[in-house]
Amino acid sequence: MSFVFYDTETTGTHAAFDQILQFAAIRTDPELNELDRFEIRCRLLPHIVPAPGAMRVTGLRAAQLSDNALPSHYEMMTAIRHKMLEWSPSTFLGYNTIEFDEHLLRHAYYKTLYPPYLTNTSGNSRTDIMRIAQASSIYSPGSLVIPAGVGQKPSFKLDELAPANGFAHENAHDALADVEATIFIARLILERCPDVWSTFMRFSTKASVVDFVSNEQIFCLSDFYFGKPYSWLVTPLGVSPNDTSALYVFDLGVDPDSLVPLSKTKLMSRLAGSPKPVRKIRSNAAPMIFSADDAPHSASGKSIPQGEIKRRIRTLEEYPELRARLITGFEESKVERPTSPHVEEQLYSGFFPECDQKLLDIFHNLDWTERVELVGKFEDPRLKLLGRQLIHAERPDVLDAVSRIELDRDISKRIAHHKPDCPWLTLPKALEELEELLTSTKASERLFLKEYHKYLSSRLKSALAIL
(Lines give C-alpha, C1' and ligand atoms only; values in the text may rest on other atoms or scores of the structure.)
Protein backbone atom coordinates (compact mmCIF):
# COMPACT_ATOMS: atom_id res chain seq x y z
CA MET A 1 0.00 0.00 0.00
CA SER A 2 1.24 3.51 -0.81
CA PHE A 3 1.52 6.46 1.57
CA VAL A 4 -0.05 9.87 1.05
CA PHE A 5 1.64 12.65 3.03
CA TYR A 6 -0.45 15.81 3.15
CA ASP A 7 -0.65 19.22 4.79
CA THR A 8 -2.96 22.24 4.82
CA GLU A 9 -2.58 25.98 5.30
CA THR A 10 -5.65 27.68 6.70
CA THR A 11 -7.30 30.92 7.78
CA GLY A 12 -7.00 29.89 11.45
CA THR A 13 -7.09 26.96 13.86
CA HIS A 14 -10.83 26.35 14.40
CA ALA A 15 -11.71 23.29 12.33
CA ALA A 16 -15.42 24.12 12.17
CA PHE A 17 -15.20 27.83 11.39
CA ASP A 18 -11.94 28.27 9.52
CA GLN A 19 -11.09 27.36 5.94
CA ILE A 20 -8.37 25.49 4.08
CA LEU A 21 -6.60 27.87 1.67
CA GLN A 22 -3.84 25.53 0.46
CA PHE A 23 -3.60 21.75 0.28
CA ALA A 24 -0.53 19.78 -0.76
CA ALA A 25 0.18 16.05 -0.88
CA ILE A 26 2.91 13.68 -2.02
CA ARG A 27 2.26 10.01 -2.69
CA THR A 28 5.10 7.56 -2.04
CA ASP A 29 5.74 3.85 -2.19
CA PRO A 30 6.33 1.86 1.06
CA GLU A 31 10.03 2.82 0.94
CA LEU A 32 9.01 6.50 0.80
CA ASN A 33 10.11 7.05 -2.80
CA GLU A 34 7.97 9.75 -4.40
CA LEU A 35 5.39 8.57 -6.95
CA ASP A 36 3.26 11.67 -7.47
CA ARG A 37 2.49 15.06 -5.98
CA PHE A 38 -0.47 17.42 -5.90
CA GLU A 39 -0.94 21.03 -4.78
CA ILE A 40 -3.87 23.41 -4.96
CA ARG A 41 -4.95 26.75 -3.50
CA CYS A 42 -8.34 28.43 -3.40
CA ARG A 43 -9.86 31.83 -2.76
CA LEU A 44 -11.58 32.88 0.44
CA LEU A 45 -15.19 32.02 1.21
CA PRO A 46 -17.41 35.12 1.65
CA HIS A 47 -18.34 34.32 5.27
CA ILE A 48 -14.78 33.60 6.51
CA VAL A 49 -12.54 36.18 8.19
CA PRO A 50 -8.85 35.16 8.12
CA ALA A 51 -6.99 35.40 11.41
CA PRO A 52 -4.23 38.04 11.13
CA GLY A 53 -1.84 35.81 13.10
CA ALA A 54 -2.39 32.90 10.73
CA MET A 55 -1.86 35.08 7.67
CA ARG A 56 1.30 36.47 9.24
CA VAL A 57 2.63 32.92 9.65
CA THR A 58 1.75 31.76 6.12
CA GLY A 59 2.79 35.01 4.45
CA LEU A 60 -0.34 35.00 2.30
CA ARG A 61 -1.07 38.55 1.13
CA ALA A 62 -4.54 40.05 1.33
CA ALA A 63 -4.87 40.35 -2.46
CA GLN A 64 -4.36 36.60 -2.87
CA LEU A 65 -7.47 35.82 -0.84
CA SER A 66 -9.82 37.15 -3.53
CA ASP A 67 -7.80 36.21 -6.61
CA ASN A 68 -10.40 35.10 -9.15
CA ALA A 69 -7.73 33.13 -10.99
CA LEU A 70 -7.81 30.66 -8.09
CA PRO A 71 -10.51 27.98 -7.81
CA SER A 72 -13.35 28.38 -5.34
CA HIS A 73 -13.33 26.43 -2.07
CA TYR A 74 -15.83 23.93 -3.50
CA GLU A 75 -13.78 23.48 -6.67
CA MET A 76 -10.67 22.90 -4.58
CA MET A 77 -12.36 20.32 -2.35
CA THR A 78 -13.73 18.54 -5.43
CA ALA A 79 -10.22 18.34 -6.89
CA ILE A 80 -8.76 17.14 -3.57
CA ARG A 81 -11.41 14.43 -3.29
CA HIS A 82 -10.79 13.22 -6.85
CA LYS A 83 -7.05 13.01 -6.21
CA MET A 84 -7.50 11.20 -2.89
CA LEU A 85 -9.83 8.69 -4.49
CA GLU A 86 -7.37 8.22 -7.35
CA TRP A 87 -4.64 7.42 -4.80
CA SER A 88 -6.81 5.12 -2.66
CA PRO A 89 -6.35 2.74 -0.98
CA SER A 90 -3.44 4.33 0.87
CA THR A 91 -2.26 5.22 4.33
CA PHE A 92 -2.87 8.97 4.82
CA LEU A 93 -0.48 10.75 7.13
CA GLY A 94 1.14 14.07 7.85
CA TYR A 95 2.52 16.11 10.73
CA ASN A 96 -0.05 16.51 13.51
CA THR A 97 -2.73 15.68 10.97
CA ILE A 98 -4.85 13.53 13.28
CA GLU A 99 -5.35 16.35 15.79
CA PHE A 100 -5.52 19.23 13.29
CA ASP A 101 -5.48 18.85 9.49
CA GLU A 102 -7.70 15.76 9.55
CA HIS A 103 -10.48 17.66 11.34
CA LEU A 104 -10.18 20.59 8.94
CA LEU A 105 -10.35 18.22 5.99
CA ARG A 106 -13.41 16.42 7.39
CA HIS A 107 -15.21 19.69 8.05
CA ALA A 108 -14.35 20.95 4.56
CA TYR A 109 -15.83 17.81 3.00
CA TYR A 110 -18.87 18.08 5.28
CA LYS A 111 -19.51 21.71 4.28
CA THR A 112 -19.16 20.89 0.58
CA LEU A 113 -21.57 17.91 0.89
CA TYR A 114 -18.96 15.21 0.37
CA PRO A 115 -18.47 12.11 2.61
CA PRO A 116 -16.15 13.38 5.37
CA TYR A 117 -14.31 10.21 6.39
CA LEU A 118 -12.36 9.43 3.22
CA THR A 119 -8.98 8.90 4.90
CA ASN A 120 -10.10 5.98 7.09
CA THR A 121 -12.78 4.27 5.00
CA SER A 122 -12.87 2.18 1.81
CA GLY A 123 -9.58 0.46 2.58
CA ASN A 124 -7.71 3.62 3.59
CA SER A 125 -5.92 4.01 6.92
CA ARG A 126 -4.24 6.88 8.76
CA THR A 127 -1.42 7.68 11.14
CA ASP A 128 0.64 10.70 12.18
CA ILE A 129 4.36 11.42 11.79
CA MET A 130 4.44 13.74 14.80
CA ARG A 131 3.21 10.92 17.04
CA ILE A 132 5.74 8.54 15.47
CA ALA A 133 8.52 11.06 16.13
CA GLN A 134 7.35 11.42 19.74
CA ALA A 135 7.25 7.65 20.15
CA SER A 136 10.75 7.41 18.68
CA SER A 137 12.04 9.71 21.41
CA ILE A 138 10.66 7.26 24.00
CA TYR A 139 11.33 3.87 22.41
CA SER A 140 14.45 4.72 20.39
CA PRO A 141 16.08 7.63 22.25
CA GLY A 142 18.77 9.43 20.30
CA SER A 143 17.44 8.38 16.90
CA LEU A 144 16.28 11.96 16.26
CA VAL A 145 17.69 15.25 17.48
CA ILE A 146 14.90 16.73 19.59
CA PRO A 147 15.36 20.48 20.04
CA ALA A 148 14.53 22.16 23.34
CA GLY A 149 11.46 24.35 23.32
CA VAL A 150 9.75 26.56 25.87
CA GLY A 151 10.85 25.70 29.38
CA GLN A 152 13.47 23.35 27.94
CA LYS A 153 10.76 20.81 27.17
CA PRO A 154 11.31 18.73 24.01
CA SER A 155 9.88 20.52 20.98
CA PHE A 156 8.20 18.52 18.24
CA LYS A 157 7.20 21.52 16.13
CA LEU A 158 7.97 20.62 12.52
CA ASP A 159 9.68 23.95 11.78
CA GLU A 160 12.09 23.25 14.67
CA LEU A 161 12.44 19.45 14.47
CA ALA A 162 13.17 19.26 10.73
CA PRO A 163 16.04 21.84 10.72
CA ALA A 164 17.51 20.31 13.90
CA ASN A 165 17.85 17.05 11.97
CA GLY A 166 19.36 18.55 8.82
CA PHE A 167 16.42 19.66 6.67
CA ALA A 168 16.64 23.06 4.98
CA HIS A 169 13.18 24.35 5.90
CA GLU A 170 13.28 27.91 4.55
CA ASN A 171 9.65 27.79 3.38
CA ALA A 172 8.10 26.56 6.63
CA HIS A 173 4.31 26.94 6.72
CA ASP A 174 3.94 26.45 2.99
CA ALA A 175 1.89 23.27 2.63
CA LEU A 176 4.12 21.59 0.04
CA ALA A 177 7.33 22.53 1.88
CA ASP A 178 5.86 21.13 5.10
CA VAL A 179 4.98 17.87 3.34
CA GLU A 180 8.58 17.58 2.12
CA ALA A 181 9.84 18.24 5.66
CA THR A 182 7.46 15.61 7.01
CA ILE A 183 8.72 13.00 4.55
CA PHE A 184 12.31 13.89 5.52
CA ILE A 185 11.52 13.11 9.18
CA ALA A 186 9.65 9.95 8.17
CA ARG A 187 12.69 8.67 6.24
CA LEU A 188 14.93 9.24 9.25
CA ILE A 189 12.54 7.25 11.46
CA LEU A 190 12.20 4.44 8.91
CA GLU A 191 16.00 4.22 8.65
CA ARG A 192 16.99 4.68 12.30
CA CYS A 193 14.13 3.08 14.24
CA PRO A 194 12.30 0.70 11.89
CA ASP A 195 10.60 -1.11 14.78
CA VAL A 196 8.81 2.07 15.84
CA TRP A 197 7.83 2.73 12.22
CA SER A 198 6.47 -0.78 11.64
CA THR A 199 4.51 -0.66 14.92
CA PHE A 200 2.72 2.51 13.85
CA MET A 201 2.04 1.15 10.38
CA ARG A 202 0.51 -1.94 12.00
CA PHE A 203 -1.73 0.21 14.16
CA SER A 204 -2.82 2.62 11.44
CA THR A 205 -6.15 0.76 11.28
CA LYS A 206 -8.75 0.61 14.02
CA ALA A 207 -9.18 -3.15 13.59
CA SER A 208 -5.50 -3.85 14.28
CA VAL A 209 -5.53 -1.74 17.44
CA VAL A 210 -8.70 -3.40 18.71
CA ASP A 211 -7.28 -6.86 18.01
CA PHE A 212 -4.01 -6.09 19.82
CA VAL A 213 -5.59 -4.46 22.88
CA SER A 214 -8.22 -7.19 23.19
CA ASN A 215 -5.70 -10.03 23.10
CA GLU A 216 -2.68 -8.69 24.98
CA GLN A 217 -2.77 -9.30 28.73
CA ILE A 218 -0.20 -6.57 29.33
CA PHE A 219 1.40 -3.92 27.11
CA CYS A 220 2.83 -0.41 27.26
CA LEU A 221 0.86 2.73 26.46
CA SER A 222 2.62 6.08 25.98
CA ASP A 223 1.56 9.64 25.27
CA PHE A 224 2.64 13.26 25.60
CA TYR A 225 0.97 15.82 27.86
CA PHE A 226 2.07 19.45 27.94
CA GLY A 227 5.24 18.53 26.09
CA LYS A 228 6.31 15.75 28.46
CA PRO A 229 6.34 11.98 27.75
CA TYR A 230 4.48 9.48 29.94
CA SER A 231 4.25 5.69 29.77
CA TRP A 232 2.18 3.08 31.59
CA LEU A 233 2.11 -0.70 31.75
CA VAL A 234 -1.56 -1.46 31.23
CA THR A 235 -4.04 -4.31 30.90
CA PRO A 236 -7.31 -4.15 28.93
CA LEU A 237 -10.64 -3.47 30.66
CA GLY A 238 -13.08 -3.32 27.74
CA VAL A 239 -14.73 -1.17 25.08
CA SER A 240 -16.82 1.91 25.71
CA PRO A 241 -20.53 1.04 25.43
CA ASN A 242 -21.10 4.35 23.64
CA ASP A 243 -18.11 4.50 21.29
CA THR A 244 -16.52 1.42 19.74
CA SER A 245 -13.38 3.45 18.99
CA ALA A 246 -12.75 4.02 22.70
CA LEU A 247 -10.87 1.22 24.48
CA TYR A 248 -10.32 1.33 28.24
CA VAL A 249 -7.17 0.03 29.93
CA PHE A 250 -6.02 -0.16 33.56
CA ASP A 251 -2.75 1.33 34.80
CA LEU A 252 -0.93 -1.54 36.53
CA GLY A 253 0.98 0.95 38.62
CA VAL A 254 -2.26 1.15 40.65
CA ASP A 255 -3.33 -1.70 42.93
CA PRO A 256 -6.90 -2.69 41.90
CA ASP A 257 -7.53 -4.01 45.43
CA SER A 258 -7.51 -0.40 46.63
CA LEU A 259 -10.53 0.32 44.43
CA VAL A 260 -12.73 -2.66 45.35
CA PRO A 261 -14.20 -1.28 48.62
CA LEU A 262 -14.82 2.25 47.31
CA SER A 263 -18.35 3.59 47.09
CA LYS A 264 -19.52 5.00 43.76
CA THR A 265 -18.82 8.56 44.89
CA LYS A 266 -15.34 7.74 46.14
CA LEU A 267 -14.58 5.67 43.05
CA MET A 268 -15.57 8.57 40.79
CA SER A 269 -13.29 10.84 42.81
CA ARG A 270 -10.41 8.34 42.57
CA LEU A 271 -10.83 7.97 38.81
CA ALA A 272 -10.35 11.71 38.47
CA GLY A 273 -7.30 11.70 40.75
CA SER A 274 -3.64 11.06 40.01
CA PRO A 275 -2.34 8.63 39.03
CA LYS A 276 -5.42 7.84 36.94
CA PRO A 277 -6.29 4.12 37.26
CA VAL A 278 -8.15 4.05 33.92
CA ARG A 279 -6.97 5.40 30.58
CA LYS A 280 -8.66 5.60 27.21
CA ILE A 281 -7.12 4.51 23.92
CA ARG A 282 -8.54 6.01 20.74
CA SER A 283 -8.22 3.03 18.43
CA ASN A 284 -8.55 5.15 15.27
CA ALA A 285 -6.06 7.87 16.26
CA ALA A 286 -2.55 6.37 16.02
CA PRO A 287 -2.12 5.30 19.66
CA MET A 288 1.40 4.74 21.04
CA ILE A 289 1.12 1.08 22.07
CA PHE A 290 4.09 -1.25 22.31
CA SER A 291 5.08 -4.58 23.83
CA ALA A 292 5.54 -4.58 27.61
CA ASP A 293 9.13 -5.74 27.01
CA ASP A 294 9.84 -2.43 25.26
CA ALA A 295 8.47 -0.25 28.07
CA PRO A 296 10.87 2.51 29.16
CA HIS A 297 12.21 2.44 32.73
CA SER A 298 10.04 5.45 33.57
CA ALA A 299 6.81 3.59 32.76
CA SER A 300 4.26 3.33 35.56
CA GLY A 301 4.39 -0.22 36.90
CA LYS A 302 7.81 -0.98 35.45
CA SER A 303 9.52 -1.20 38.86
CA ILE A 304 6.82 -3.44 40.37
CA PRO A 305 7.83 -7.15 40.69
CA GLN A 306 6.40 -9.41 37.99
CA GLY A 307 4.58 -11.53 40.55
CA GLU A 308 2.67 -8.50 41.83
CA ILE A 309 1.88 -7.33 38.28
CA LYS A 310 0.42 -10.76 37.49
CA ARG A 311 -1.63 -10.68 40.68
CA ARG A 312 -3.11 -7.31 39.73
CA ILE A 313 -4.02 -8.59 36.28
CA ARG A 314 -5.57 -11.70 37.83
CA THR A 315 -7.64 -9.57 40.23
CA LEU A 316 -9.14 -7.63 37.32
CA GLU A 317 -9.79 -10.84 35.37
CA GLU A 318 -11.52 -12.50 38.35
CA TYR A 319 -13.70 -9.49 39.21
CA PRO A 320 -15.69 -8.58 36.09
CA GLU A 321 -17.94 -6.40 38.24
CA LEU A 322 -14.92 -4.24 39.14
CA ARG A 323 -14.03 -3.84 35.46
CA ALA A 324 -17.64 -2.88 34.74
CA ARG A 325 -17.65 -0.33 37.58
CA LEU A 326 -14.42 1.21 36.31
CA ILE A 327 -15.73 1.59 32.77
CA THR A 328 -19.09 2.91 33.95
CA GLY A 329 -17.40 5.34 36.31
CA PHE A 330 -15.12 6.64 33.56
CA GLU A 331 -18.07 7.04 31.19
CA GLU A 332 -20.13 8.91 33.77
CA SER A 333 -17.23 11.22 34.61
CA LYS A 334 -17.16 12.59 31.06
CA VAL A 335 -18.80 15.97 30.60
CA GLU A 336 -21.48 15.74 27.93
CA ARG A 337 -21.25 18.55 25.44
CA PRO A 338 -24.60 19.94 24.29
CA THR A 339 -25.24 19.96 20.55
CA SER A 340 -23.97 23.19 19.05
CA PRO A 341 -26.62 25.49 17.56
CA HIS A 342 -24.23 26.18 14.68
CA VAL A 343 -24.39 23.80 11.72
CA GLU A 344 -20.62 24.03 11.19
CA GLU A 345 -20.08 22.31 14.54
CA GLN A 346 -22.60 19.52 13.94
CA LEU A 347 -20.40 17.22 11.83
CA TYR A 348 -20.20 14.65 14.63
CA SER A 349 -23.90 14.92 15.55
CA GLY A 350 -24.82 11.71 13.75
CA PHE A 351 -24.67 10.24 10.27
CA PHE A 352 -26.96 11.45 7.50
CA PRO A 353 -30.06 9.33 6.72
CA GLU A 354 -29.59 6.78 3.97
CA CYS A 355 -32.08 8.58 1.73
CA ASP A 356 -29.99 11.77 1.99
CA GLN A 357 -26.76 9.91 1.24
CA LYS A 358 -28.29 8.76 -2.05
CA LEU A 359 -29.26 12.34 -2.87
CA LEU A 360 -25.73 13.52 -2.07
CA ASP A 361 -24.36 11.17 -4.74
CA ILE A 362 -26.69 12.86 -7.24
CA PHE A 363 -26.10 16.44 -6.05
CA HIS A 364 -22.56 16.82 -7.42
CA ASN A 365 -23.54 15.67 -10.91
CA LEU A 366 -26.39 18.12 -11.41
CA ASP A 367 -26.50 21.55 -12.99
CA TRP A 368 -26.44 24.25 -10.30
CA THR A 369 -30.04 25.24 -11.07
CA GLU A 370 -31.14 21.66 -10.41
CA ARG A 371 -29.14 21.54 -7.19
CA VAL A 372 -31.33 24.30 -5.75
CA GLU A 373 -34.39 22.08 -6.07
CA LEU A 374 -32.58 18.99 -4.75
CA VAL A 375 -31.43 20.77 -1.55
CA GLY A 376 -35.07 21.17 -0.60
CA LYS A 377 -35.50 17.39 -0.68
CA PHE A 378 -32.89 16.65 2.00
CA GLU A 379 -34.34 15.21 5.18
CA ASP A 380 -31.44 16.23 7.46
CA PRO A 381 -31.72 19.96 8.35
CA ARG A 382 -27.93 20.25 8.34
CA LEU A 383 -27.84 19.38 4.66
CA LYS A 384 -30.59 21.85 3.81
CA LEU A 385 -28.64 24.69 5.41
CA LEU A 386 -25.20 23.63 4.17
CA GLY A 387 -26.59 23.12 0.67
CA ARG A 388 -28.09 26.62 0.53
CA GLN A 389 -24.84 28.13 1.84
CA LEU A 390 -22.81 26.20 -0.72
CA ILE A 391 -24.97 27.29 -3.64
CA HIS A 392 -24.90 30.90 -2.43
CA ALA A 393 -21.09 30.82 -2.25
CA GLU A 394 -20.67 29.16 -5.66
CA ARG A 395 -23.56 30.31 -7.81
CA PRO A 396 -25.70 32.99 -6.13
CA ASP A 397 -27.18 33.83 -9.53
CA VAL A 398 -29.23 30.60 -9.57
CA LEU A 399 -31.05 31.54 -6.34
CA ASP A 400 -34.20 33.60 -6.34
CA ALA A 401 -33.76 37.27 -5.41
CA VAL A 402 -35.33 36.93 -1.95
CA SER A 403 -33.11 34.00 -0.95
CA ARG A 404 -30.00 35.70 -2.31
CA ILE A 405 -30.64 38.94 -0.41
CA GLU A 406 -31.45 37.00 2.78
CA LEU A 407 -28.18 35.04 2.58
CA ASP A 408 -26.20 38.19 1.76
CA ARG A 409 -27.58 39.81 4.91
CA ASP A 410 -26.87 36.68 6.98
CA ILE A 411 -23.21 36.81 5.96
CA SER A 412 -22.96 40.53 6.67
CA LYS A 413 -24.46 40.11 10.14
CA ARG A 414 -22.18 37.17 10.79
CA ILE A 415 -18.93 38.96 10.01
CA ALA A 416 -19.74 42.60 10.85
CA HIS A 417 -20.86 42.29 14.46
CA HIS A 418 -18.87 40.72 17.28
CA LYS A 419 -20.33 39.22 20.44
CA PRO A 420 -18.22 37.88 23.34
CA ASP A 421 -19.55 34.32 22.88
CA CYS A 422 -19.19 34.30 19.08
CA PRO A 423 -17.27 31.12 18.13
CA TRP A 424 -16.04 32.38 14.75
CA LEU A 425 -13.74 35.29 13.97
CA THR A 426 -15.51 38.51 12.98
CA LEU A 427 -14.13 41.57 11.21
CA PRO A 428 -14.17 43.82 14.32
CA LYS A 429 -12.34 41.16 16.33
CA ALA A 430 -9.81 40.58 13.54
CA LEU A 431 -9.14 44.32 13.28
CA GLU A 432 -8.62 44.46 17.04
CA GLU A 433 -6.12 41.58 16.87
CA LEU A 434 -4.39 43.22 13.93
CA GLU A 435 -3.96 46.52 15.76
CA GLU A 436 -2.34 44.64 18.65
CA LEU A 437 0.05 42.94 16.21
CA LEU A 438 0.95 46.28 14.63
CA THR A 439 2.10 47.65 17.99
CA SER A 440 4.45 44.75 18.66
CA THR A 441 5.65 43.56 15.27
CA LYS A 442 8.93 44.19 13.49
CA ALA A 443 9.14 47.08 11.03
CA SER A 444 9.68 44.63 8.14
CA GLU A 445 6.22 43.12 8.73
CA ARG A 446 4.24 46.32 9.18
CA LEU A 447 3.54 46.90 5.47
CA PHE A 448 2.20 43.34 5.21
CA LEU A 449 -0.08 43.84 8.22
CA LYS A 450 -1.20 47.32 7.09
CA GLU A 451 -2.37 45.76 3.82
CA TYR A 452 -4.48 43.37 5.89
CA HIS A 453 -5.84 46.23 7.94
CA LYS A 454 -6.95 48.02 4.77
CA TYR A 455 -8.46 44.79 3.40
CA LEU A 456 -10.41 43.99 6.58
CA SER A 457 -11.61 47.58 6.97
CA SER A 458 -12.90 47.56 3.40
CA ARG A 459 -14.77 44.30 4.00
CA LEU A 460 -16.32 45.68 7.18
CA LYS A 461 -17.50 48.81 5.36
CA SER A 462 -19.08 46.70 2.60
CA ALA A 463 -20.78 44.37 5.09
CA LEU A 464 -22.27 47.27 7.07
CA ALA A 465 -23.57 48.82 3.84
CA ILE A 466 -25.69 45.70 3.22
CA LEU A 467 -27.30 45.81 6.66
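**Exercise 1. State how many residues line the second largest pocket of this predicted model, and which of them lie nearest its centre.**

Solution. The lining of the second largest pocket is made up of 30 residues. Nearest the centre of this pocket lie Asn96, Lys157, Leu158, Asp159 and His173. Next, assign the lining to elements: β1, α1 (52-58), α4, α6 (158-164) and α7 give two or more residues to it. Then sort the lining by class, which gives nine nonpolar, 13 polar and eight charged residues. Last, the volume: this pocket holds about 880 Å³ of space.

**Exercise 2. Find how many cavities of 30 Å³ or more the model has, and describe the lining of the largest cavity.**

Solution. The count of cavities of 30 Å³ or more is two. The largest cavity holds about 130 Å³ of space. Its lining consists of Leu45, His47, His73, Lys111, Thr112, Glu344, Leu386, Gln389, Leu390 and Ala393. Helix α15 (residues 381-394) supplies the largest share of this lining, with four residues. Sorted by class, the lining of the largest cavity has four nonpolar, four polar and two charged residues.

**Exercise 3. Do the same for the second largest cavity: give its volume and its lining.**

Solution. The volume of the second largest cavity is about 40 Å³. Asp18, Gln19, Ile20, Leu45, His73, Leu104, Ala108 and Lys111 form its lining. Helix α4 (residues 97-111) gives three residues, the largest share. The classes come to four nonpolar, two polar and two charged residues. To compare the two cavities, read one lining against the other: Leu45, His73 and Lys111 appear in both.

**Exercise 4. Work out the strand order of the open sheet of five strands and say which strands stand at its edges.**

Solution. The order is β3-β2-β1-β4-β5, and the pairing is mixed. β3 (34-41) and β5 (125-126) each have a single partner strand, so they stand at the edges, with one side of each left without a neighbour in the sheet. At the β5 edge, β4 and β5 run parallel and are joined by two bridges. In one of the pairings, Thr91 has Ser125 of β5 as its bridge partner.

**Exercise 5. List the buried residues of helix α8 and the elements they pack against.**

Solution. Helix α8 spans residues 194-202, and Val196, Trp197, Thr199, Phe200 and Met201 are buried in it. With buried meaning under 20% relative accessible area, these residues qualify. The buried residues of α8 pack against three strands and two helices: β1 (2-10), β4 (90-93) and β10 (288-291), together with α5 (129-139) and α7 (175-192).

Note on methods: Residues are numbered from 1 along each chain as its sequence is written. This is a predicted model: local features need pLDDT of at least 70, side-chain atom pairs count only at pLDDT 80 or more; totals for chains, interfaces and linings use all residues. Side-chain values use heavy atoms; hydrogens and water are left out. On a 1 Å grid over the protein atoms alone, a cavity is a set of points where a 1.4 Å probe fits but cannot get out, and a pocket is an open set with protein on both sides within 12 Å along at least five of seven lines; lining residues have an atom within 4 Å of a point. Grid points are joined across faces, edges and corners, and a volume is the space filled by probe spheres set on the points. Ala, Val, Leu, Ile, Met, Phe, Trp, Tyr, Cys and Pro count as nonpolar, Asp, Glu, Lys and Arg as charged, and the others, Gly among them, as polar. Buried means under 20% relative accessible area, exposed over 50%, partly exposed in between (1.4 Å probe, protein chains only). Contact means heavy atoms within 4.5 Å. Two strands pair if DSSP finds at least two bridges between them.
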